[in-house]
Amino acid sequence: MPLSDLIADRAHAVEISGIRKVFELGRSLKDPINLSIGQPHFDVPEPIQAAAIDAIRSRKNGYTVTQGIAELRERLLADVRKQYPHPDRELLVTSGTSGGLMLAVMAVVNPGDEVVAADPYFVMYPNMVKLAGGTFVGVDTYPTFQTDPEKLIAACTPRTKMILLCSPSNPTGAVMSVEAMKRLTEFARARNILLVSDEIYKAFHYDTAARSPAEFDDGVLVIEGFGKTYGMTGWRLGYAHGPGAIIEQMTKLQQSTFVCAPSIVQWAGLAAVEYDVTGIVADYKRKRDLLAAGMKGKYEFELPGGAFYLFPKVPAGRTGTEFVTAAIDHNLLVIPGGVFSDRDTHFRISYAATDDTLHRGIEVLNKMAG
Ligand SMILES: Cc1ncc(COP(=O)(O)O)c(C=O)c1O
């Protein structure tokens with residue numbers, strides 16, 4: 001019997017990320033103009049590096065308690081409780097934002113349950129829901145990518161267990177309105193649906209202050225991450241905060257899966273929370289504006305309020321995949337919109353890159369627009 005016969009249905013249900021496929025194609029290119037990467041282009045700031053090295057050298061290399069080292073947990077929880085003064089708000093340090101999201105899905109989604117989210121969505125969302133045996137329900141937000149709460153509400157059924165929000169969004173950079181957040185929290189509370197807010201791009205708001213649905217309801221589960229904010233995506237650090245009953249289950253599940261977030265990275269996280277990223281965020285805002293100005297008039301797109309992505313429409317007559325294939329022929333790496341959506345009509349540009357790379361990318365894109 002071939003070993004492939006052993007593979008479980010859940011593994012078959014998950015597709016290889018379309019982003020990885022573009023990376024594979026890009027490997028054949030000598031010096032690609034790479035605007036495909038979903039992570040900051042700057043290095044981990046020096047004090048955070050120093051804290052990680054110091055943790056290794058001072059022998060903080062063993063397991064930590066599942067919920068996270070007390071120093072980091074208490075520091076994060078103090079901030080969270082100040083921001084959201086709910087009596088019942090607990091916190092769990094996780095292995096990246098993905099770890100927190102996966103634990104949240106595992107904690108509440110039974111086979112057959114539904115999870116509603118905006119389309120375009122972060123690639124991992126449908127896969128995580130499938131792994132739990134659930135059904136992912138994407139709600140079309142084209143062409144503005146603004147979440148219309150009534151459309152999400154209309155997509156909910158008695159099987160809906162979770163509404164998953166992501167603001168600022170990957171891949172569109174759209175920032176959700178406060179009114180939409182309020183309406184959805186009220187609805188979720190009334191219908192006993194868990195509202196999960198993925199706030200990994202919280203630091204990257206350019207035109208408005210960061211807001212959260214957790215401001216309006218103590219039942220909201222928030223997942224936050226360190227990777228994008230401090231350029232440490234490979235270090236795998238995130239945290240979840242929300243009602244004690246949900247955090248307790250997620251903690252139990254972490255004990256039997258990820259065990260704990262990497263120990264040295266938790267110590268580095270303590271240095272990261274003290275690091276001021278204002279300058280970095282201002283630079284990314286400038287890059288957003290540079291890219292938008294460079295593409296204006298040639299492509300249709302919404303000016304994103306956050307994250308570090310632009311999600312333009314492919315010029316008429318081509319799918320996102322066809323456009324990206326042609327871009328690769330021009331030495332440019334971007335991601336087809338179909339990777340994040342039921343539709344393949346757009347493409348994602350990451351402007352987390354040097355200005356030189358951005359200028360080269362704009363030149364190619366303008367040539368491709370005809
Ligand atoms: C919206 C969103 N959520 C979660 C993640 C995963 O983050 P982490 O690397 O912290 O697991 C990403 C990474 O690209 C993302 O864009």
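Biologist: Which residues of helix α13 are buried?
Modeller: In this predicted model, α13 covers residues 320-329, and its buried residues are Gly-320, Phe-323, Val-324, Ala-326, Ala-327 and Ile-328.

Biologist: What do those buried residues pack against?
Modeller: Two helices, α2 (18-26) and α14 (355-368), and the strands β10 (332-333), β11 (335-336) and β12 (347-350).

Biologist: And just after α13, which residue takes a positive phi?
Modeller: Asn-331, with a phi of about 75°.

Biologist: Switching to the sheet. What is the strand order?
Modeller: The order is β2-β8-β7-β6-β5-β3-β4, seven strands in an open sheet with mixed pairing.

Biologist: Which strands stand at the edges?
Modeller: β2 (90-94) and β4 (135-140). Each has a single partner strand, so one side of each has no neighbour in the sheet.

Biologist: How are neighbouring strands turned against each other?
Modeller: By 20° on average, ignoring direction.

Biologist: In what sense do β6 and β7 pair, parallel or antiparallel?
Modeller: Parallel, over three bridges; β6 spans residues 194-198 and β7 spans 221-225. As one example, Asp-198 has Ile-223 in β7 as its bridge partner.

Biologist: New topic, Gln-254. Where is it found?
Modeller: In helix α10, residues 244-255.

Biologist: Buried or exposed?
Modeller: Gln-254 counts as buried because its relative accessibility is 0%, and the cut-off for buried is under 20%.

Biologist: What lies 2.9 Å from a polar atom of the Gln-254 side chain?
Modeller: The backbone oxygen of Val-93.

Biologist: Which residues does Gln-254 touch, leaving out those up to four places away in sequence?
Modeller: Thr-66, Leu-92, Val-93, Thr-94, Ser-95, Leu-103, Val-259 and Cys-260.

Note on methods:
Residues are numbered from 1 along each chain as its sequence is written. This is a predicted model: local features need pLDDT of at least 70, side-chain atom pairs count only at pLDDT 80 or more; totals for chains, interfaces and linings use all residues. Side-chain values use heavy atoms; hydrogens and water are left out. Helices (H or I, at least four residues) and strands (E, at least two) are DSSP runs, numbered from the N terminus. Buried means under 20% relative accessible area, exposed over 50%, partly exposed in between (1.4 Å probe, protein chains only). A polar contact is a pair of N or O atoms within 3.5 Å; within protein, one must be able to donate a hydrogen and the other to accept it, and residues adjacent in sequence count only if both atoms are side-chain atoms. Contact means heavy atoms within 4.5 Å. Two strands pair if DSSP finds at least two bridges between them. Axes are lines fitted to C-alpha atoms, for helices over the stretch in contact, and angles run from 0 to 180 degrees between N-to-C directions.
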